[in-house]
Amino acid sequence: MTSRRIGVYICHCGGNISDYVDVPAVVGAVRDEPDVVVVRDAMFTCSDLTQQEIFSDIVEHRLDGLVVASCSPKLHTFTFREMARRAGLNPYEYTQVNIREQCSWAHTDDPQGATRKAISLVRAGIAGTRGTRPLEPTVVETTQRVLVVGGGLTGMRAAIGLADLGLAVVLVEKTATLGGRVGGMGPMFPHGRVGADLVARLRDDIGRRPAVTVLTGAELVAKSGTYGNYHVVVAVGGERRELAVGQVVVATGFADYEPHIGELGYGMPGVLTLPELVSRLDSSHGPLLHDGRRVGSIAYLYCVGSRNEEHSHCSKYCCSATVHTALRITERNPGARQYHVYRDMRTYGRNEEMLTQSRRRGSLYLKFADDDPPEVAREHGRLEVTVRDLLSAGEEIRLPVDLVVLVTGMVARQNRELVDVLKLPVGRDGFFNEIHPKLRPVETVVDGVTICGTCQGPKTSAESVASGLAAVTHVGAMLKRGVAELDPQVASVNPEACNGCAVCVEACPFGAISMVGAPRPAGGGHRVTPAEAGSGEASPGGLVAAVAATGCKGCGACAPVCPTGAIDLAGYTDAQVTAIIDALAMDLPGPEGRTGDVVGPGGARLRVAAEAPAEVVR
Amino acid sequence: MRYDALVVGSGIGGMESALQLGEMGYKVLVVEKGPSIGGKMILLSKVFPTLDCASCISTPKMGATAHHRNVTVLTGAEVAGLAREADGGFHAKVHVATRFVDPERCTGCHQCEVACTVSVPDQFNGELVARHAAYIPFPQAVPQKALIERAGTSPCTFACPAGIKAHGYVSLVRAGLYGEAFDLVAETTPLVGTLGRACYAPCESQCTRGALEGPVPLRRIKRFVADRSRAAGGRPAAPPERNAKAVAVVGSGPAGLTVAWLLARRGYGVKMFEAAPCPGGALRMGIPSYRLPVEVVEADVANLTAIGVEIECNARVDDLAQLQGQGFDAVVVATGAPVAARLGVEGEDTLEGVIGALDFLADIKLGRATELSGRVVAVVGGGNVAIDAARSALRLGAAEVHLVCLEGRDEMPAHEFEVAEACAEGVQLHDRWGVAGLEGGSRVEALELKTCLSVFDPDGRFNPRFDVGGHDEVVCDTVIVAIGARPDTATFPSLAPGGARALVADSATAKTPVRGVFAVGDAVSGPSTIAKAVGAAARAAAMVDDWLQGRRLEAPVAPLAVVERADVLSRQAGYAQRPPVAAGLRLGPAPSNFAELEAPLSEEEARSAAGACLDCGVCSECHECLAACPADAIDFAMRDSDVEVDVGTVVVSTGYHLFPAELKPQYGYGRYKNVVTGEQMERLLAPTRPFNTVLRPGDGRVPERVAYVMCTGSRDETVGNPLCSKFCCMYSLKQNQLIMGALPLADVTVHYIDIRAAGKGYDEFFEQAKAMGTNFVKGRVARVSELANGNLVLRYEDIDNAGRIVEAEYDMVVLAVGVQPNADFARLFEHGELALTDHGYIEEVDEDLSPGATSLAGVFVAGAASGPRDIPESILHAGAAVAQAAAYLESAGARRAAEVGA
């Protein structure tokens with residue numbers, strides 16, 4: 001192997017690492033590694049200052065390899081690849097070593113051990129970096145059409161937003177009409193606008209946009225293809241329509257929690273859920289009636305089916321929706337007594353104003369302890385709620401009422417087929433999971449699939465629309481460039497070593513390997529049209545395996561099954577992995593503290609540098 | 001410049017907006033008011049509910065924003081106005097505050113920060129610790145470039161006629177850098193010791209501290225600096241690198257010495273010509289030694305000779321052409337105002353015992369003083385020279401000294417304190433009298449007086465009126481005339497054409513009518529003060545230098561506007577009074593010698609006095625950073641600039657303000673040191689935390705019991721905010737867990753109304769806090785009071801336990817402060833303002849279907865500027881704003897295309 005010029009940077013992460021790992025000792029331990037020309041530590045390697053410093057090191061020391069030992073590669077691989085690219089170093093010559101999640105945070109009880117482990121991990125990273133080579137991403141043109149799954153408020157608004165960016169849209173709705181839950185609703189908080197009117201306006205807006213194709217009574221049944229160029233199959237009325245799309249937006253909404261019969265009196269006459277109450281209000285005029293009589297008293301029991309063992313989540317919208325409903329009832333049934341039996345009133349933000357208003361208009365609030373829920377009984381034909389009210393010194397209060405409203409929350413909609421087709425990640429609460437709940441709330445780990453609205457978690461309608469438009473932005477940012485760059489860290493077959501056994505073809509979960517007659521290059525920075533971007537063309541009578549660069553995800557499933565070792569994964573070649581293992585195996589037994597002679601493999605005495613390195617950056 | 005989109009604010013909403021628009025291919029300008037992008041998020045500890053390290057997940061966004069090929073970032077910039085253009089876009093004016101550091105050169109090495117002598121509360125650390133006036137905002141700041149905080153010119157510095165950085169030397173003395181303080185004054189003048197004694201210190205009269213217990217004694221601090229330098233044998237000045245040019249300076253008073261000094265420091269060969277037997281002019285020959293000892297002047301003059309200035313004494317120059325012929329490339333005339341004014345009465349020249357004050361004072365300084373033992377002396381004049389003469393006469397043994405002046409005591413040109421000191425020493429004052437005549441045979445026997453009705457006419461001109469009937473006389477045997485002086489115009493008639501009463505020189509360039517000859521100081525202005533002469537000389541030196549180097553003669557950059565003292569005092573809720581430094585004046589009747597009257601400041605006094613400085617201008621202009629910067633990046637002459645851009649759409653992402661906790665006085669924030677805000681606790685927990693652990697600010701103790709007071713400033717109509725701030729519950733739950741992680745033995749109690757954990761994974765996070773041991777107590781806190789040991793007693797309603805009123809003691813209290821709107825931006829639109837909600841947030845006119853759309857087409861709001869939002873909600877909201885902003889740009893583009901097509 002030719003000699004390399006590698007720069008190594010060890011991050012303190014402002015104490016996240018250096019509280020447990022002796023960073024100067026790590027610097028000292030690796031500074032004399034072969035091929036390493038510069039080693040530094042930094043308070044925050046990801047900070048602009050240190051990036052500038054690495055940048056100038058790359059230029060000044062003519063680095064051809066880069067190792068940053070910091071946090072998870074999930075966080076900063078792209079940060080440093082991008083920095084390397086700006087400095088003129090191929091991004092794939094960069095290796096991120098995780099000494100935070102996999103070291104300092106995991107070994108807070110053993111700083112010395114953590115330091116030893118960090119040294120090993122950095123050495124392994126250096127070993128892997130010795131075997132890197134420059135790689136260029138494959139650039140593919142993308143399909144300027146988006147599939148939106150779900151024709152509720154969020155999906156409709158997203159479809160309009162996408163069309164307004166100049167993209168073609170196919171909006172697929174399972175039921176016969178667009179509109180979803182909001183389409184059937186009357187006045188909604190916080191602005192009191194009628195749900196059906198909102199949906200009608202969106203339907204008109206869609207009608208004015210020829211770029212949007214609406215398929216109702218339709219379901220997505222299959223998806224294949226590669227990033228930016230997918231083939232989807234939509235079943236519409238017994239017919240299968242095949243479409244090419246660049247991205248898929250999922251907006252399939254939520255389901256209401258259905259109380260069990262007997263749960264808080266559910267099933268008794270006069271006990272109904274919030275959506276049932278709202279629906280009665282929306283479909284009638286004048287005073288709310290029950291059994292033909294004007295309703296004079298209502299008890300709302302909050303958090304039914306939320307914040308419990310079965311559904312640990314808070315459904316977020318129900319407190320505000322209930323208070324809003326109570327205000328409507330105050331208008332429709334003046335003088336009605338309304339009791340809110342709650343745990344925490346979560347009328348966040350400006351919805352707090354509705355809470356204040358409802359109290360001023362006579363709603364009474366009673367708080368029950370988490371472990372002491374209210375009880376509902378029906379005696380002498382009358383409903384009675386019993387609650388131990390913390391706001392009245394824990395007194396047991398009996399509320400005889402005409403109606404008991406169970407404030408049921410949102411639960412995840414059962415949608416197994418769609419989950420299977422899109423391989424959607426489902427969280428413990430049953431909602432679809434985003435990549436990162438904080439910073440990347442609409443992206444999923446599945447390439448090309450974006451989620452929005454309540455399929456991701458409970459939201460109000462305005463929040464759902466905002467997330468739908470955020471999905472539009474994410475999709476627009478990806479597709480409007482016209483091209484996508486595919487990760488060049490893909491597998492390739494050495495045709496001379498391939499014996500044509502085709503075991504790899506079976507092993508590939510993405511159908512990216514086929515048997516061909518002539519060797520095909522993999523990767524290589526050339527521009528691929530959508531037509532080419534499919535799977536490799538099989539050649540009849542072909543004898544060797546070939547990997548379609550655009551189909552390969554770099555998962556590595558093929559390489560180990562190859563009996564002849566003909567497959568290598570760029571960025572993780574056999575030679576690199578072997579070198580990494582060798583480096584990790586060269587463990588440092590038992591040096592206490594950061595200095596002194598230690599015994600290496602075969603009894604070799606290694607010297608760990610005692611003094612702080614000269615090039616320490618803080 | 002044209003950009004597709006203007007994004008105002010660079011918090012998480014602004015960065016997300018800019019990045020997404022940039023990714024879509026639009027050119028984006030981000031305008032950020034602060035010195036770094038990143039907003040509030042980068043300063044957080046971790047984020048809920050994932051407990052990711054906030055800075056670790058913010059820095060990639062910051063880096064990506066700063067380096068995105070389609071995104072341009074202006075920090076320190078504010079939008080100053082927006083006007084709608086015909087194409088639906090906007091014309092924006094952006095005001096960019098200077099950093100006083102060239103970002104191209106700055107390497108972020110922190111050397112300026114280390115050298116800076118001013119400390120101010122660090123706004124990026126919740127003001128829990130100090131930072132320097134020269135600083136890099138925080139370790140992850142983007143750009144990682146220094147800036148210098150300058151609120152303006154400090155009043156003391158602004159007041160100094162000499163242009164000395166008064167605030168600068170005070171802050172250097174405070175830092176113990178006495179030599180550097182000397183050098184800073186010496187950047188302007190060599191007369192450090194002289195000014196430390198004989199300056200009338202207009203700086204002190206402007207000192208903001210004067211509104212408290214009294215001004216910082218700036219002059220005496222300067223004297224301390226000079227004395228210390230002299231005691232150490234003077235600062236060995238590095239001899240400057242000589243250039244080939246030579247300058248002659250005629251006269252060695254304060255102006256001449258200053259010009260010579262500054263030019264010599266710039267490498268010129270300088271030779272001074274002095275008519276008197278020793279250099280120093282009025283300093284050496286005029287001001288009595290009890291005010292300004294001879295050795296002090298000699299030490300100041302030695303500064304010049306140390307760097308090679310040649311001084312020839314007893315060398316009267318009367319032919320400038322001859323001087324120019326001797327090879328001097330420029331001549332500076334600084335001959336002062338040596339010609340005494342005359343009484344114009346009979347006997348003035350003939351009677352024995354009538355002497356001029358200037359001659360009298362000069363004789364004393366040259367050791368040939370007249371013995372006045374037993375004599376009765378009348379001094380005529382009301383200025384400082386008259387006072388000097390009168391007090392000197394006392395010291396020479398005069399039996400009586402009478403001071404006769406036209407003015408009333410309150411209008412005498414002499415400083416009030418000098419008159420008072422003279423009277424304290426025994427000088428008898430006869431004010432409002434004019435001299436009518438002198439009596440006597442060979443020697444003067446009396447001074448005849450006439451009543452002076454007024455000195456100045458209604459136009460303020462000197463034009464005394466006398467009462468013909470009012471007579472008196474002072475019996476005396478010596479009269480000293482001290483009624484003014486004027487420049488010598490006779491020696492150089494070419495410099496005073498047309499019978500001018502002073503030498504004529506351009507006020508900006510100091511050029512005289514004669515090419516190559518400059519004039520400066522009292523010779524041009526008439527008698528003034530040392531400081532004014534020094535100031536004029538310093539400006540003239542720069543002009544002479546420019547002229548000799550063939551550069552354009554340009555006025556120096558004007559100083560920043562003076563800082564308003566009221567603004568300085570309002571920076572802090574209150575100020576502790578400090579004991580003023582003793583005046584140290586040794587005054588007594590019948591002084592018998594010329595020993596210096598004023599005692600020096602001890603080192604302790606000097607540093608303590610300097611420590612009282614309020615750092616009005618923030619940066620003191622001590623110039624330590626200039627010397628420290630290895631990249632030569634610092635430039636105090638940089639000024640703010642304005643940028644005008646055209647943009648297609650605007651995304652407003654100006655975020656929110658935190659509720660100022662001092663508005664809930666019952667919780668004691670600002671008064672009780674161990675009551676902190678959620679923001680401050682965030683900093684105590686952050687990876688870049690100031691103390692490396694959680695401790696209470698009052699005494700640095702690690703708290704064992706921490707209480708949270710929820711809804712501080714939210715859900716509270718008494719402070720005008722009935723709304724819920726949405727994320728305080730969650731950040732408090734996060735902090736609870738982090739505190740318990742950092743301090744495993746600590747008890748954490750949350751006093752709440754409702755815990756609003758509404759969001760994905762949020763209620764689970766609440767359960768996690770409960771499981772870790774946070775105590776939750778429902779009920780509002782009525783008040784917080786402080787115990788002598790700094791502990792805090794909370795009085796609250798314990799609703800869970802029958803609503804009892806309970807008092808509980810804690811070590812530390814955290815106020816979960818909520819949000820307040822930041823709608824400053826809304827006013828900037830020249831045609832049609834942005835509509836606001838009742839509560840002052842930017843209104844979303846169609847929140848149900850178009851969240852982020854505002855009342856103005858093409859203007860969108862992203863994040864908490866339109867209402868409380870946490871990070872993921874801000875990101876989603878930014879996404880919504882961007883989708884519509886992009887649609888707006890697309891439709892505008894389509895319209896333009898259609899117009900072009902038509």
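**A first tour of two chains**

**Figure 1. A look at helix α1 of chain B.** Helix α1 of chain B covers residues 12–23, and its twelve residues, at 1.5 Å each, should span 16 Å; the C-alpha atoms at its ends lie 16 Å apart, so the expected and modelled values agree. The whole structure shown in these views is a predicted model. How many of the residues of α1(B) are buried? The count is twelve of twelve, so the helix is mostly covered, where a residue counts as buried when 20 or more other C-beta atoms lie within 10 Å of its own. Among these buried residues are B:Ile12, B:Met15, B:Leu19 and B:Leu21, and the list also takes in B:Glu16, B:Ser17, B:Gln20 and B:Glu23. After the helix comes B:Gly25, which has a positive phi near 100°.

**Figure 2. A look at helix α15 of chain B.** This view turns to residues 384–395 of chain B, which form helix α15. Its twelve residues should span 16 Å at 1.5 Å a residue, and the C-alpha atoms at its two ends are 17 Å apart, which agrees. Is α15(B) mostly covered or mostly open? Helix α15(B) is mostly covered, with twelve of its twelve residues buried. Its buried residues include B:Val385, B:Ile387 and B:Leu394, along with B:Asp388, B:Arg391 and B:Arg395. What do they pack against? Their partners in chain B are the helices α14 (357–365) and α16 (416–425), together with the strands β18 (376–380), β19 (400–405) and β24 (478–481). Following α15(B) is B:Gly397, whose phi is positive and near 100°.

**Figure 3. Strands β21, β22 and β23 of chain B, joined by hairpins.** Start with β21 (residues 433–440) and β22 (residues 444–456) of chain B, which pair in the antiparallel sense over seven bridges. Between β21(B) and β22(B), three residues make the link of a hairpin. To find your place in this pair, look for B:Leu438, which stands opposite B:Leu447 in β22(B). Now move on to β23 (residues 462–475) of chain B: β22(B) pairs with β23(B) in the antiparallel sense too, over nine bridges. A useful landmark here is B:Thr451, whose bridge partner in β23(B) is B:Asp467. The hairpin formed by β22(B) and β23(B) has five residues between the strands, and B:Gly460 in the turn has a positive phi of about 85°.

**Figure 4. The surroundings of B:Val249.** You will find B:Val249 in strand β12 of chain B, which runs over residues 246–250. Why is B:Val249 called buried? There are 34 other C-beta atoms within 10 Å of B:Val249, and 20 or more are needed for a residue to be buried. Leaving aside residues up to four places away in sequence, B:Val249 touches B:Gly256, B:Val259, B:Ala260, B:Val270, B:Met272, B:Val332 and B:Ala334. For a sense of scale, B:Gly327 is 78 residues from B:Val249 along the chain, and their C-alpha atoms are separated by 13 Å.

**Figure 5. Where chain A touches chain B.** The contact draws on 66 residues of chain A and 64 residues of chain B. On chain A, helices α2 (48–60), α3 (73–87), α6 (153–164), α7 (195–207), α10 (352–360) and α12 (461–479) each supply at least two residues of the side that touches chain B. Which of them gives the most? That is α12(A), with twelve residues. Sorted by class, this side of chain A has 27 nonpolar, 22 polar and 17 charged residues.

**Figure 6. Chain A and its domains.** Chain A has 14 helices and 35 strands, and its C-alpha trace spans about 90 × 65 × 40 Å along its principal axes. Of its 618 residues, 51% are buried. Chain A is divided into domain 1 (6–137 + 575–617), domain 2 (145–253 + 413–484), domain 3 (257–410) and domain 4 (490–569). The centres of domain 1 and domain 2 of chain A, taken over C-alpha atoms, are 43 Å apart. Among contacts in chain A with a separation of 6 or more, 72% join residues 24 or more positions apart.

**Figure 7. Confidence along chain A.** The mean pLDDT of chain A is 89, and 91% of its residues reach 70 or more. Where does pLDDT stay under 50? One such stretch is residues 519–541 of chain A, for which the model has 50 contacts beyond four places in sequence. Another is residues 590–618 of chain A, with 45 contacts beyond four places in sequence.

Notes
Residues are numbered from 1 along each chain as its sequence is written. Chains are lettered from A and ligands numbered from 1 in the order in which they are written. This is a predicted model: local features need pLDDT of at least 70, side-chain atom pairs count only at pLDDT 80 or more; totals for chains, interfaces and linings use all residues. Two residues are in contact if their C-beta atoms, placed from the backbone, lie within 7 Å. Helices (H or I, at least four residues) and strands (E, at least two) are DSSP runs, numbered from the N terminus. Ala, Val, Leu, Ile, Met, Phe, Trp, Tyr, Cys and Pro count as nonpolar, Asp, Glu, Lys and Arg as charged, and the others, Gly among them, as polar. The expected span of a helix is 1.5 Å times one less than its number of residues. Domain bounds come from an automatic or database domain assignment. Two strands pair if DSSP finds at least two bridges between them. pLDDT is the predictor's confidence in each residue, from 0 to 100.
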